[in-house]
Amino acid sequence: MAEEPGTCLVTIGGAVELPGVVEVDRGVALRDIAMLSRPVEPAQAFLVGGYGGTWVGPEDFGTPYASMSLRTIGASAGVGIVVVLGAEACGVAESARIARFLADQSAGQCGPCVFGLPAVADSLEQLWRADVAKDQMHLLHRRLGEVAGRGACRHPDGVARLVTTALRVFAEDFDSHASGFPCRSANSPSVLAVPGLERKERLS
Amino acid sequence: VTVARQTIELSVDPIACEAYGYCAELLGEIISLDEWGYPIVSSGPVPTTLLSLAKKAARDCPRRALLLRRHDPAAGSAQRPTAGV
């Protein structure tokens with residue numbers, strides 16, 4: 001029997017031919033949900049639960065889309081979005097884009113969020129560029145510890161969760177970026193629908 | 001019969017706090033500052049030897065952002081915060 005009865009709606013985006021909303025049985029494997037939208041290239045990760053969600057690596061693609069199962073891999077359905085990150089994308093770059101967007105979305109009430117989230121995004125952007133002037137991995141780990149749980153709301157916690165899972169799922173890419181060698185996909189266009197991204201990347 | 005004793009815990013109102021940093025100056029034993037000057041309070045009850053300093057720190061915070069809570073282990077949850085008791 002399925003873990004949870006009934007169906008649910010999932011929004012699928014990213015490296016797929018048919019982005020949009022699909023209705024699936026609860027408990028269907030993440031991999032099978034992605035297949036419904038016809039991935040255009042093999043997936044290296046799924047972003048589950050939206051921008052404040054979690055990156056899920058291939059070893060967990062078989063996880064059923066149901067709360068208990070997702071919880072065992074540290075994820076949750078969150079806002080009901082699954083983004084497929086193709087093999088030709090850079091997880092460091094995509095995480096940096098999301099972190100910058102979320103930093104810009106701060107309500108501006110608590111110091112650790114106002115200063116911490118832009119600092120987390122800075123570290124990620126330096127890593128994305130493979131700038132090794134400072135030990136950004138060390139800085140990033142420290143900053144993540146200094147933003148999680150320190151706001152009046154959970155906005156910073158979501159950013160910390162997203163970036164922490166990125167460090168695990170894209171560990172190899174982070175290693176090479178941190179050693180001054182960006183992965184070959186570092187300059188690929190984003191597969192994410194981060195608002196304002198096009199304009200910003202055109203300006204820079 | 002064991003008598004559960006009330007303990008005092010410190011917390012920061014993150015909206016009110018504006019990183020003056022007086023608390024970390026007064027109470028460096030249990031309060032450190034992050035990269036941007038905002039206080040990080042060690043979790044758990046304030047050691048009795050530091051209680052008067054903790055009260056002073058709460059009283060002296062220009063933003064009244066450092067809160068002392070009476071925590072009754074028997075009741076299980078922290079009670080209403082009282083600034084500068």
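## A tour of chains A and B

At 6% relative accessibility, A:Gly53 counts as buried, where buried means under 20% relative accessible area, exposed means over 50% and partly exposed lies in between, judged with a 1.4 Å probe and protein chains only. Keep A:Gly53 selected while we get our bearings.

This is a predicted model, in which local features need pLDDT of at least 70 and side-chain atom pairs count only at pLDDT 80 or more, while totals for chains, interfaces and linings use all residues. Residues are numbered from 1 along each chain as its sequence is written, chains are lettered from A and ligands numbered from 1 in the order in which they are written, and side-chain values use heavy atoms, with hydrogens and water left out.

**Stop 1: around A:Gly53**

A:Gly53 sits in the loop between strand S3 (43-48) and S4 of chain A. Helices (H or I, at least four residues) and strands (E, at least two) are DSSP runs, numbered from the N terminus. Now add A:Leu162: it is 109 residues from A:Gly53 in sequence, yet their C-alpha atoms are 5.5 Å apart in space. Which residues touch A:Gly53, leaving aside its neighbours within four places in sequence? They are A:Val48, A:Arg161, A:Leu162 and A:Thr165, with contact meaning heavy atoms within 4.5 Å.

**Stop 2: A:Thr54**

Select A:Thr54, which belongs to strand S4 (residues 54-56) of chain A. A:Thr54 is buried, at a relative accessible area of 3%. Beyond the neighbours within four places in sequence, A:Thr54 has contacts that include A:Phe46, A:Leu47, A:Gly74 and A:Ala75. A:Arg161 and A:Thr165 are also among the contacts of A:Thr54, and both appear in the list for A:Gly53.

**Stop 3: A:Thr63**

Move on to A:Thr63, in the loop between S4 and helix H2 (67-72) of chain A. Is A:Thr63 buried or exposed? A:Thr63 is buried, with a relative accessible area of 9%. Show its contacts, again without neighbours within four places in sequence: A:Val28, A:Ala29, A:Leu30, A:Ser69, A:Leu70 and A:Ile73. From A:Thr63 to A:Leu162 the C-alpha separation is 18 Å, with their positions 99 residues apart along the chain.

**Stop 4: the whole of chain A**

Zoom out and colour chain A by secondary structure: there are 9 helices and 5 strands. Along the sequence the order is β-β-α-β-β-α-β-α-α-α-α-α-α-α. The C-alpha atoms fill a box of roughly 55 × 40 × 30 Å along the principal axes. For 204 residues, a compact globule would have a radius of gyration near 17 Å, and the 17 Å of chain A agrees with that; the radius is taken over C-alpha atoms, and the globule rule is 2.2 Å times the number of residues to the power 0.38. Of those 204 residues, 50% are buried. Among contacts between residues at least 6 apart in sequence, 64% join residues at least 24 apart.

**Stop 5: the cores**

Next, select A:Trp55, A:Ile98, A:Val163, A:Phe174 and B:Leu10, the residues with the most contacts inside the largest nonpolar core, which has 60 residues. Such a core is a set of buried Ala, Val, Leu, Ile, Met, Phe, Trp, Tyr and Cys residues joined through side-chain atoms within 4.5 Å. Helix H3 (residues 91-104) of chain A supplies the largest share of this core, 8 residues. A second, separate core has 19 residues, among them A:Cys8, A:Val24, A:Val56 and A:Ala75.

**Stop 6: A:Ala130**

Go to A:Ala130, in the loop between helix H5 (116-128) and helix H6 (136-147) of chain A. Its phi is near 60 degrees, a positive value in a residue other than glycine. A:Ala130 counts as buried at 11% relative accessibility.

**Stop 7: chain B**

Now show chain B, with 2 helices and 4 strands in the order β-α-β-β-α-β from the N terminus. Of its 85 residues, 35% count as buried. For contacts between residues at least 6 apart in sequence, the share joining residues at least 24 apart is 54%.

Pick B:Arg64, in the loop between helix H2 (51-60) and S4 of chain B. B:Arg64 has a positive phi of about 50 degrees although it is not a glycine, and at 44% relative accessibility it counts as partly exposed.

End at B:Arg69, in strand S4 (residues 66-71) of chain B. B:Arg69 is partly exposed, at 25% relative accessibility. Draw a last line from B:Arg69 to B:Ala19: the two are 50 residues apart along the chain, and their C-alpha atoms are separated by 21 Å.
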